[in-house]
Amino acid sequence: MAATKIIDAPRNGHEMAPLNTRARGDGTHGVTIVLTAPQRNSVQSVDIPGEPDRAAWSGKMQFFLSIIGYSVGLGNIWRFPYLCQQNGGGAFLIPFMIMLILEGIPLFLIELGMGQRMRLGALGVWNTIHPWLGGIGISSCIVTLFVALYYNVIITWVFYYLFNSFRYPLPWSTCPTNSSGFELEECAKSSETTYFWYRTTLDAAPSMDEPGGLKWWIVLCLLLSWTIVFFIVMKGIQSSGKVVYFTSLFPYIVLTIFFIRGITLRGAGDGLMHMYTPKLGKLLEPTVWLDAATQVFYSFGLAFGSLIAFGSYNTPKNNCVRDVLLVSVCNAVTAIYASVVIFAILGFKATVNVDRCNAGNSEMLVKYDMLPYTNATVEEFNVAMAKYNATEPKPFVLSVCDIKKELDNAAEGTGLAFIVFTQAIVELPGAPFWAVLFFTMLLSLGLGSQIGILEGMLCTLFDIDIIKRVKKQHVTGVVCLFCFIVGFIFCTGAGEYWLKMFDSFAGTIGLVVVALMEMIAVIFIYGHERFTEDIYQMTGYRPGLYWQLTWRYIGPVIMVCILISSVVFMVIRNPTYGAWNAELGAIEQKNYPNWVMGIALAMIMAGVLPMPIVFLMRSFQCLKVDLDIHQGSIRRNETTASTKEMIDNDDDDDEEDDENDFSGPALGGHVKTQSDFSEDDEEDKPMTMRLMMMRPTTAATTTTTNNKTNPTTPLNKTGSNHLNVPTSRKQNFKKDAYDV
């Protein structure tokens, strides 16, 4: 057969597209083959092993806003300020920044870089690195499902408060009264905002053993939440990518409005001084460093699979290193900025409470003739207080009015958002307007994070070939419907107790284990040299000493410390939850029932066990390796016998370079074959694996010399190993294109 066409292509990498031949009608099959050798140590067009028709971001801004909306979530508003206050004020920023540099940024780049490199979801990425690691993607998907279940319940509560914010006066500004016109005892013993949260919103049950029935208003808001989330994510980034322009930017607008209003309020300075006054002695406590590491880990949303999914929609030449640094800085600055806004408002609230307390004391002093009138000056009030303090025995008891004590009572989580901050909003002029702004901001933050969480889970599901055949809208609808039905447990009187249990157990140990295994898989199995080369090929930047130290040593050590401390604290500190006591009008701590702890343990195991199960089943060949999950990375097994020797061959001059080439197969790097392994390597393999690798070789091949074809000895069609990679690397050929 004569050569009809010769293509002199640049030496960029093996063109490994499937060879789908087409019949000409004359009994022959025409195929054009282009074979070029890889360029080492140069930035080039990389052949990505993922899906060629994979969805992509419409622009750089869409990707950046999506990842900001996912990373900057509710924790930046109601978790970070609390940690600053409890762990040394401004001194807490020191361990936070250190952990951000040593733990958050390196792991962030691993997830984003691997997603961009492989262009696959979490399941496909870890299967591509090694089929035995497929359990990492499954564990990540399960843990993400647990978090998605309860995270949307928070959005449900935000919806309920948002609807009530349009009422004037705000329903949590006063206590309801009974038929006699007196305040309800439960509200009088607590506060207006506390009563509205526990009784009006949640209708809280006394314990998890007595949950009560479903609260229809919460069920309706939950249905609304999942419906909105479904319409946002049903088409993937084509639909969610448009929403992020609102969910990511609107919170910053609201924070700026609150910042301008907050710093003009009296008492704002006291709140900021209380929060950021450094208490350096706190840095000697190990729990402060643990809190900093944990906050960094969860604030970035690591190990959910979402960052891998977001990275997989990038172009192969995107500068992911720059993206990681920008998002990290933005995340940290947002947390600090939100803390300033929160404590400026809380300082105003504390000042109002102190003034109210002093007014009550003034009435008592007037009643006992120690003060002439209630509207006395500050000097007159201080004189009366001095007279009271000198009187023994005390004729009556006065309240202690201390602004520091008021600021120390700051809460976190739902307590900060729905109780403490709502009380501060009530004191502001035009309270409904500020309430609408605040809860719309929380809604935006919650939706932004929920979009990322679901996108990571759905992207993992669509790495499975069977699910890939179903329309994304249908799969998304089934997932949302399932989550809505399971979410009924959060719509009972014990809903908040269940949410805190999920938050304490479902998304803690499982995520840390997944993150640790991700780091081990990429750095020690995939290879830190190869990953470094991948980053260089994609960005033109070669990670240096800082990245190598944090990836190989510091990061894994920090993750192990977080994991061990989490388990130890969970065992030492008997897990409890805060149950609402209507008679006392206060929270009382109760132990989790045994059956609830059983569910918690089952959730932890469900998030961890897939990793060892998949490892064992695939290593002993109990489970067939599903090549469809990562077919892009093993495309060499789709070649025909007539082209096998061409694909495997490389120039003899490059053979020495192959030994030191750390680029992956899709970058033109060498794929190890049976001949590359020593006898010692073979002995280390399980018996089933060796038997599979030792199958005989028969297939029909042809060699081309001077435009003539000569048949050679037939070889086994299956090839020499389980990936059908040729075993010989010494075959000479012309790097030409022929019509066969």
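Asparagine 331 is buried in this predicted model, with a relative accessible area of just 3%. You'll find asparagine 331 in helix α14, which runs over residues 320–367. The side chain of asparagine 331 has two polar partners worth a look. One is the side chain of asparagine 76, in a polar contact at 2.9 Å. The other is the backbone oxygen of serine 299, 3.2 Å from a polar atom of the asparagine 331 side chain. If you skip residues up to four places away in sequence, asparagine 331 touches Ser71, Val72, Asn76, Ser299 and Phe300.

**The annotated site**

Some of those names come back in the UniProt record. Its "binding site" annotation, from an unreviewed entry, covers Gly69, Val72, Asn76, Ser299, Asn331, Leu445 and Ser449. These positions span 381 residues in sequence, yet no two of their C-alpha atoms are more than 13.0 Å apart, so they gather at one spot.

Glycine 69 sits in helix α1, residues 60–71. With 6% relative accessibility, glycine 69 counts as buried. Leaving out residues up to four places away in sequence, glycine 69 touches Ser248, Leu445, Gly448 and Ser449. Two of the residues it meets, Leu445 and Ser449, belong to the annotated set as well.

Now look from the other side of that contact. Serine 449 is part of helix α18, and serine 449 is buried too, at a relative accessible area of 4%. Again setting aside residues up to four places away in sequence, serine 449 touches Gly69, Tyr70, Val72, Gly73 and Tyr151.

**Helix α18**

How far does helix α18 reach from its first C-alpha to its last? The answer is 45 Å for its 31 residues (431–461), close to the 45 Å expected at 1.5 Å a residue. And how many residues of α18 are buried? The count is 29 of the 31, so the helix is largely enclosed by the rest of the structure.

**Aromatic pairs**

A search of the whole structure turns up 45 aromatic pairs. Here are two of them, side by side.

| Pair | Geometry | Centre to centre | Angle between planes |
|---|---|---|---|
| Phenylalanine 505 and tyrosine 592 | edge-to-face | 6.1 Å | 75° |
| Tryptophan 547 and tryptophan 551 | tilted | 5.6 Å | 40° |

The pair of phenylalanine 505 and tyrosine 592 links distant parts of the chain, with the two positions 87 residues apart. Phenylalanine 505 belongs to helix α21 (residues 495–505), while tyrosine 592 is in the loop between β4 (586–591) and α24 (594–608). Both phenylalanine 505 and tyrosine 592 are buried.

The tryptophans are a local affair. Tryptophan 547 and tryptophan 551 both lie in helix α23 (residues 545–572), 4 residues apart, about one turn of the helix. Tryptophan 547 is buried at 4% relative accessibility, and tryptophan 551 is buried with a relative accessible area of 0%.

**Just ahead of α14**

Back towards the helix where we started: asparagine 319 lies in the loop between α13 (306–312) and α14. Is asparagine 319 buried or partly exposed? Asparagine 319 is partly exposed, with a relative accessible area of 24%; the cut-off for buried is under 20%. A polar atom of the asparagine 319 side chain lies 3.2 Å from the backbone nitrogen of arginine 322. Not counting residues up to four places away in sequence, asparagine 319 touches Lys60 and Thr539. There is also a long-range neighbour to note: the C-alpha atoms of asparagine 319 and isoleucine 535 are separated by 8.7 Å, although these positions lie 216 residues apart along the chain.

**The whole chain**

Stepping back, the secondary structure comes to 29 helices and 6 strands. Of the chain's 740 residues, 53% count as buried. Take the contacts between residues at least 6 apart in sequence, and 80% of them join residues at least 24 apart. The pair of phenylalanine 505 and tyrosine 592, 87 residues apart, illustrates a link between distant parts of the chain. As for the surface, the chain exposes about 32400 Å², and carbon and sulfur atoms supply 62% of that area.

Terms used. Residues are numbered from 1 along each chain as its sequence is written. This is a predicted model: local features need pLDDT of at least 70, side-chain atom pairs count only at pLDDT 80 or more; totals for chains, interfaces and linings use all residues. Side-chain values use heavy atoms; hydrogens and water are left out. Buried means under 20% relative accessible area, exposed over 50%, partly exposed in between (1.4 Å probe, protein chains only). Contact means heavy atoms within 4.5 Å. Accessible areas come from the Shrake-Rupley method with a 1.4 Å probe; for residues, only the protein chains shown count as cover. The expected span of a helix is 1.5 Å times one less than its number of residues. UniProt positions are given in the numbering used here, feature names are shortened, and annotations may be inferred rather than shown by experiment. A polar contact is a pair of N or O atoms within 3.5 Å; within protein, one must be able to donate a hydrogen and the other to accept it, and residues adjacent in sequence count only if both atoms are side-chain atoms. Rings of Phe, Tyr and Trp (its six-membered ring) pair if their centres lie within 6.5 Å; planes under 30 degrees apart count as stacked, over 60 as edge-to-face and the rest as tilted.
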